[in-house]
Amino acid sequence: MIAGAIIVALLLSGLYQVPIPTLSGLLAFTVFYLVYLFWVFKEWNTHFSGHRTTRRDKNSPSNRKMPPIKTLEENKKLILNNSKHHEQFDTCELLNDVKTMEVTRKENHIIRERAKRSMSLSVKVKGRVGEMMTGALLGSLNHVEVADELDMDHVYVSFFDFLWAFTFIGPFSYLLWKHGTIVLRIRQFLWKRGLIKPEECDYEAMCATLLLEQT
């Protein structure tokens with residue numbers, strides 16, 4: 001809100017003091033943004049429009065329930081067998097929760113309860129419970145049928161959400177990435193010529209950081 005007020009104040013001040021340069025700048029920005037808008041629409045039309053559907057649509061992978069995954073005992077056996085090949089796991093306390101699964105089962109039960117589908121997308125109707133659960137005719141979530149496989153890249157995004165992201169997130173993310181790669185190239189150039197020496201990498205600390213601080 002404050003940033004918007006500041007921008008409006010600057011534009012009004014510019015129109016009052018130097019109207020012609022300010023109007024020229026606004027016109028150039030408008031033309032540039034319209035061209036950018038057309039490009040964003042083409043990208044959205046290629047990747048989303050007509051190719052992806054909302055979760056209410058019966059053809060969406062998210063419309064049906066999640067397919068069954070490996071059982072807890074299968075995962076337990078795989079983890080314990082793989083841990084035998086590495087000395088680091090000989091004293092690993094985390095494996096105790098795998099060997100005695102009571103704590104893990106309790107935590108998994110809590111997670112599954114929290115992950116259960118809500119009825120937020122289901123339209124409330126009068127009639128049989130089956131109609132409300134399947135939602136086939138109403139365009140709501142399907143609480144009966146199970147999906148054949150997991151699909152992690154199918155979420156539908158509306159054009160205005162896509163445009164908002166490409167306006168306020170995409171350009172600045174690209175600039176941050178470009179700045180980081182330029183700095184990296186400069187450091188590589190200086191390192192090859194012996195002008196700088198990077199610190200020794202602590203791989204164990206890096207591994208712990210990646211495992212414990214990532215979600």
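**Helical architecture, nonpolar core and salt bridge**

Buried residues, defined as those under 20% relative accessible area with a 1.4 Å probe and protein chains only (exposed being over 50% and partly exposed in between), make up 14% of the 215 residues in the protein. The structure is a predicted model, in which local features need pLDDT of at least 70 and side-chain atom pairs count only at pLDDT 80 or more, whereas totals for chains, interfaces and linings use all residues. Residues are numbered from 1 along each chain as its sequence is written, and side-chain values use heavy atoms, with hydrogens and water left out.

The protein contains 9 helices and 0 strands, these elements being DSSP runs numbered from the N terminus (helices, H or I, at least four residues; strands, E, at least two). About 18,500 Å² of the protein is exposed, 64% of which is supplied by carbon and sulfur atoms, as computed by the Shrake-Rupley method with a 1.4 Å probe, for which, in the case of residues, only the protein chains shown count as cover. Of the contacts (heavy atoms within 4.5 Å) with a separation of 6 or more, 60% are accounted for by residues 24 or more positions apart.

Helix H2 comprises 29 residues and reaches 41 Å from its first C-alpha to its last, close to the 42 Å expected at 1.5 Å a residue, where the expected span is 1.5 Å times one less than the number of residues. Within H2, Thr22, Tyr36, Val40 and Trp44 are buried. The largest nonpolar core (a set of buried Ala, Val, Leu, Ile, Met, Phe, Trp, Tyr and Cys residues joined through side-chain atoms within 4.5 Å) has 7 residues, namely Tyr36, Val40, Trp44, Phe48, Phe159, Phe162 and Leu163. H2 and H7 each supply at least two residues of this core. Phe162 touches Val40, Glu43, Trp44, Phe48 and Val157, residues up to four places away in sequence not being counted.

Under the criterion of a side-chain nitrogen of Lys or Arg within 4 Å of a carboxyl oxygen of Asp or Glu, the count comes to 1 salt bridge, formed by Asp153 with Arg52, whose closest N and O atoms are 3.1 Å apart. Because Asp153 lies in the loop between helix H6 (129-134) and helix H7 (159-168), and Arg52 in the loop between helix H2 (19-47) and helix H3 (72-83), the pair ties together parts that are 101 residues apart in sequence. Asp153 counts as exposed, at 56% relative accessibility. Ser60, found in the loop between H2 and H3, is by contrast buried, with a relative accessible area of 1%. With residues up to four places away in sequence left out, Ser60 touches Thr53, Thr54, Arg55 and His154.
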